[in-house]
Amino acid sequence: MSSVSEPVISVTRLSKVYRSGFRMKRVQALTDLSMEVEKGEIFGFLGPNGAGKTTLLKILMGLCEPTSGSALVFGKPPRDAAVKARLGFLPESPYFYDHLTAREFLRLAAQLSAVPKSETAGRVTGLLRLLRMERSADAQMRGFSRGMLQRMGIAQALVADPELVVLDEPMGGLDPVGRKEFRDIIIDLRERGKTVFFSTHILSDVEMICDRVGIVVDGRMVEVGRLNEILTETAESIEVTVRGATGKTQKILERVSQHSIKSGDELMLTVRSDEDVDKIMAICREVGGIRVVGLVPHRKTLEDYFMAHVERAGRAS
Ligand SMILES: Nc1ncnc2c1ncn2[C@@H]1O[C@H](COP(=O)(O)OP(=O)(O)OP(=O)(O)O)[C@@H](O)[C@H]1O
Ligand SMILES: [Mg+2]
């Protein structure tokens, strides 16, 4: 029996060292990585190329053994048959039997996932519709574009209507329309109480759909949290616009700010912190006749945030 609060994915102090080549060169892919994914969460696992994303996903799928630490899915080791029955997986480079048609391929996937025979046809048709592959349903997959194959990969991960969906770079090969459709699919999964864990380096897509993200750089988890919290902490500057500041007052206000732009009777001041905003407000109150007409915080984009971490890790190594 699993308890209600048990995380769907639980990773504790996981490390993975690959040994490759004739000299058995050591590659440390993951270092002391811990994280949890709760039921019903959409969790984005973000990192640049070579960060260790696929390695973690393979460990979670039981396709690769950790060097140390533990990974549990539904509270059990990933290789447990009961775990496999509850999850769907899109690998990084899925292999397709390309002589099959889209429909045949999904039927086969359903059969391999022990979907009841009576439900298979309906399930396959539903997925072909969901992934907008109806028009190519009976065409051989050998002629499919990269984006079409990616859709088939996502469809096969969903065929058994799993509780947990694990996707390695699900948006690879998809055009903007495909990405939007993928996001809608993920939102639909969340509405149905499913848990989704996916890796990506496409930050803007994560920004729109994830409840939480983990940022991995060089095999280490550098941050885990709600995106809005991660980004709020990193508000870079605040833009304060005041009206009616002239002469000496303008000079005083400009001294508080990083830089300023005067446009008509409006003065736009860029400041670093909330305290500086308070200072500006206080000056305006004291002088009188000056009104604050705009207050806009400028957050770092996730891209900026991500790059800062990558650069820091680069400097440290
Ligand atoms: N089978 C392997 N043998 C040796 N080294 C490996 C193996 N698989 C991965 N690595 C190395 O481990 C590190 C992490 O690789 P991994 O594929 O997990 O990264 P990733 O985050 O998925 O990258 P990408 O965004 O390019 O898919 C890299 O340095 C990679 O070269
Ligand atoms: Mg990868």
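Trainee: Two strands pair if DSSP finds at least two bridges between them. With that in hand, in what order do the 3 strands of the antiparallel open sheet come?

Mentor: This is a predicted model, to begin with. The order is β2-β1-β4, and the pairing is antiparallel. β2 (25–37) and β4 (68–73) are the edge strands, each pairing on one side only. From one strand to the next the twist averages 30°.

Trainee: How many bridges join β1 to β2?

Mentor: There are 9, and β1 covers residues 9–20. As one point of register, Ser-10 stands opposite Glu-36 in β2.

Trainee: And the sheet of 6 strands, what is its order?

Mentor: β5-β6-β7-β3-β8-β9, again an open sheet, but with mixed pairing. The twist there averages 15° from one strand to the next.

Trainee: Which strands stand at the edges, and what does that leave each of them without?

Mentor: β5 (87–90) and β9 (220–225) do; each has a single partner strand, so one side of each has no neighbour in the sheet. The pairing of β8 (residues 212–217) with β9 is antiparallel, through 5 bridges. Within it, Val-216 has Met-221 of β9 as its bridge partner.

Trainee: Which strands does α1 lie across?

Mentor: Helix α1 (residues 53–60) lies across β3 (42–46), β6 (164–168), β7 (195–200) and β8, and runs at about 145° to β6. Helix α5 lies across β5 and β6, at about 165° to β5.

Trainee: How many residues of α1 are buried?

Mentor: 8 of the 8, so the helix is largely enclosed by the rest of the structure. Lys-53 and Lys-58 are among them, as are Thr-54 and Thr-55. Just after α1, Gly-62 takes a positive phi of about 75°.

Trainee: Back to Leu-60 at the end of that helix. What is it in contact with, beyond four places in sequence?

Mentor: Leu-60 is in contact with Ile-9, Ala-71, Val-73, Pro-78 and Val-166. Leu-60 and Val-166 are also among the residues with the most contacts inside the largest nonpolar core, which has 63 residues. Helix α5 (residues 146–158) supplies the largest share of that core, 6 residues. A second, separate core of 11 residues includes Ile-238, Val-242, Ala-245 and Ile-290.

Trainee: Changing topic: how is the chain divided into domains?

Mentor: The domain assignment gives domain 1 (9–231) and domain 2 (236–299). Their centres, taken over C-alpha atoms, are 48 Å apart.

Trainee: You named Ala-245 just now. Where does it lie?

Mentor: In the loop between β10 (235–243) and α9 (247–256). Burial here takes 20 or more other C-beta atoms within 10 Å. Ala-245 has 25, so it counts as buried. Beyond four places in sequence, Ala-245 is in contact with Gln-250, Leu-253, Leu-267 and Ile-290.

Trainee: Leu-267 sits in β12, then. How do the side chains along that strand point?

Mentor: They alternate along β12 (residues 266–271). Leu-267, Leu-269 and Val-271 point to one face and are buried, while Glu-266, Met-268 and Thr-270 point to the other and are not. The partner strand is β11 (residues 259–263), antiparallel over 5 bridges. Ser-260 has Leu-269 in β12 as its bridge partner.

Trainee: How many residues lie between the strands of that hairpin of β11 and β12?

Mentor: 2, and Gly-264 in the hairpin takes a positive phi near 65°.

Trainee: What about α10, how does its span compare with what the residue count should give?

Mentor: It agrees: at 1.5 Å a residue, the 14 residues of α10 (residues 274–287) should span 20 Å, and the end C-alpha atoms are 20 Å apart. Just after α10, Gly-288 has a positive phi of about 80°.

Trainee: Last one. Is His-99 buried or exposed?

Mentor: Exposed, because it has 10 C-beta neighbours inside 10 Å, and the cut-off for exposed is 12 or fewer. His-99 is in the loop between β5 and α3 (102–112).

Trainee: Which residues does His-99 touch, apart from those up to four places away in sequence?

Mentor: Gln-140 and Arg-142. As for Val-17, 82 residues from His-99 along the chain, the two C-alpha atoms are separated by 37 Å.

Notes: Residues are numbered from 1 along each chain as its sequence is written. Chains are lettered from A and ligands numbered from 1 in the order in which they are written. This is a predicted model: local features need pLDDT of at least 70, side-chain atom pairs count only at pLDDT 80 or more; totals for chains, interfaces and linings use all residues. A nonpolar core is a set of buried Ala, Val, Leu, Ile, Met, Phe, Trp, Tyr and Cys residues joined through C-beta atoms within 7 Å. Helices (H or I, at least four residues) and strands (E, at least two) are DSSP runs, numbered from the N terminus. Two residues are in contact if their C-beta atoms, placed from the backbone, lie within 7 Å. The expected span of a helix is 1.5 Å times one less than its number of residues. Domain bounds come from an automatic or database domain assignment. Axes are lines fitted to C-alpha atoms, for helices over the stretch in contact, and angles run from 0 to 180 degrees between N-to-C directions.
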